[in-house]
Amino acid sequence: MPHNIPLIAGNWKMHGLAQAVPEALSIDAAARKSNARIALFPPATLLDRLSQALIEAGSPIITGGQDCHCEADGAFTGDISAEMLKDAGAGMVILGHSERRHGHHEPCALVAKKVIGALRVGLEPVICIGETLEERLAGETHAVLNRQLGASLPEELTGQVFHVAYEPVWAIGTGHIPTDEQVVDAMVLVKSYLEDRFHGQVTPHVLYGGSVKPDNAAHLLTLDGVGGLLVGGASLKAVDFNRIITAAG
Ligand code: PEP
């Protein structure tokens, strides 16, 4: 994936009923004009519908799941496999989002297994990492990010297309944005971690996520190492997400 093409990803989380599909189609015009790749991660209930509507419209917008199980199928009530996401039209899947790590107690080792599941069917994983406020205040940010990268990224990523999203937990949904230096510091850490471990055999986009808004998106994209944005709340309203897409050029 060329690195001069940013990835702008909208994570709808547990938001969206049927009406969200036509609203999402209204960002298609901006997506077509954009130099960026645009991806939407609707709730699982809308994935098939949204994917079909985008295909019918001939849209370049990619869809993705917000999580997947590591197995292909089985007695796992309530879970969805990577195969099922792919079957519903997904091209990507978010894994290890902090709301899964903290709200559902998902350890890094499970995230790594899910990544292998995603790669099995050719979904591009968007692997999230990020420190809590307590960890940052305790000076543990580097240790936490290195630990999460070490245990959430399986060897199977070698040579594969994937993305890493740095999302400080304290910036998600709070309106608090890290300083430019804090963002760049995390980008440098991720890139040097990947270089040390994979020796140039992986070149993921490294995204920033956490309170991205139409007014700060363009600036965030100018920061060294930022290869795209993972957007939560501001992806829910087409008018806001349109402005973020436009900001990406
Ligand atoms: C997210 O859900 O990944 C996220 C970054 O949310 P928000 O943009 O609302 O902070």
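This is a guided tour of the predicted model, with a selection to make at each stop.

The model is predicted: local features require pLDDT of at least 70 and side-chain atom pairs pLDDT 80 or more, whereas totals for chains, interfaces and linings use all residues. Residues are numbered from 1 along each chain as its sequence is written, and side-chain values use heavy atoms, with hydrogens and water left out.

**Stop 1: the ligand**

Select the ligand together with the residues around it, a residue being near when one of its heavy atoms lies within 4 Å. The shell holds 14 residues, of which Lys13, Glu167, Gly173, Ser211 and Gly232 come nearest. By class it has four nonpolar, eight polar and two charged residues. In this scheme Ala, Val, Leu, Ile, Met, Phe, Trp, Tyr, Cys and Pro are nonpolar, Asp, Glu, Lys and Arg are charged, and the others, Gly among them, are polar.

Next, display distances from the ligand oxygen atoms. A polar side-chain atom of Glu167 lies 2.7 Å from one ligand oxygen atom. From the backbone, an N or O atom of Gly232 lies 2.8 Å from an oxygen atom of the ligand, and a polar backbone atom of Gly233 is 2.8 Å from a ligand oxygen atom. The ligand taken alone exposes 290 Å², and the protein buries 97% of that; such areas come from the Shrake-Rupley method with a 1.4 Å probe, and for residues only the protein chains shown count as cover.

Stay with Lys13, which is found in the loop between β1 (7-11) and α1 (20-25). Helices (H or I, at least four residues) and strands (E, at least two) are DSSP runs numbered from the N terminus. Phi of Lys13 is near 55°, a positive value in a residue other than glycine. Most residues other than glycine have a negative phi.

**Stop 2: the largest cavity**

Keep Glu167 selected and add Gly96, His97, Ser98, Arg101, Cys128, Ile129, Gly130 and Gln148; together they line the largest cavity. The elements giving two or more residues to this lining are α5 and β5 (124-129). The cavity holds about 40 Å³ of space, and a search of the whole structure finds one cavity of 30 Å³ or more. Its lining has two nonpolar, five polar and two charged residues.

Cavities and pockets are both found on a 1 Å grid over the protein atoms alone: a cavity is a set of points where a 1.4 Å probe fits but cannot get out, a pocket is an open set with protein on both sides within 12 Å along at least five of seven lines, and lining residues have an atom within 4 Å of a point. Grid points are joined across faces, edges and corners, and a volume is the space filled by probe spheres set on the points.

**Stop 3: the largest pocket**

Now select Pro43, Ala44, Gln66, Asp67 and Arg100. Of the 19 residues that line the largest pocket, these are the closest to its centre. The volume of this pocket is about 500 Å³. Helices α3 (44-56) and α5 (98-101) each supply at least two residues of the lining, which divides into seven nonpolar, seven polar and five charged residues.

**Stop 4: Pro42 and strand β2**

Move to Pro42, in the loop between β2 (37-41) and α3. Is Pro42 buried or exposed? Pro42 is buried, with a relative accessible area of 1%; buried means under 20%, exposed over 50%, and partly exposed in between, with a 1.4 Å probe and protein chains only. The C-alpha atoms of Pro42 and Gly65 are separated by 6.9 Å, although their positions lie 23 residues apart along the chain.

Within strand β2, select Ala39, which counts as buried at 0% relative accessibility. Arg37 lies in strand β2 too and is buried at 17%. A polar contact of 2.9 Å joins the side chains of Arg37 and Glu124; the term denotes a pair of N or O atoms within 3.5 Å, where, within protein, one must be able to donate a hydrogen and the other to accept it, and residues adjacent in sequence count only if both atoms are side-chain atoms.

**Stop 5: two loop residues**

Select His105, in the loop between α5 and α6 (108-120). His105 has a positive phi of about 55° although it is not a glycine, and at 67% relative accessibility His105 counts as exposed.

Finish at Gly200, in the loop between α9 (180-198) and β7 (205-209). Gly200 is partly exposed, with a relative accessible area of 45%. From C-alpha to C-alpha, Gly200 and Thr158 are 9.2 Å apart in space and 42 residues apart in sequence.
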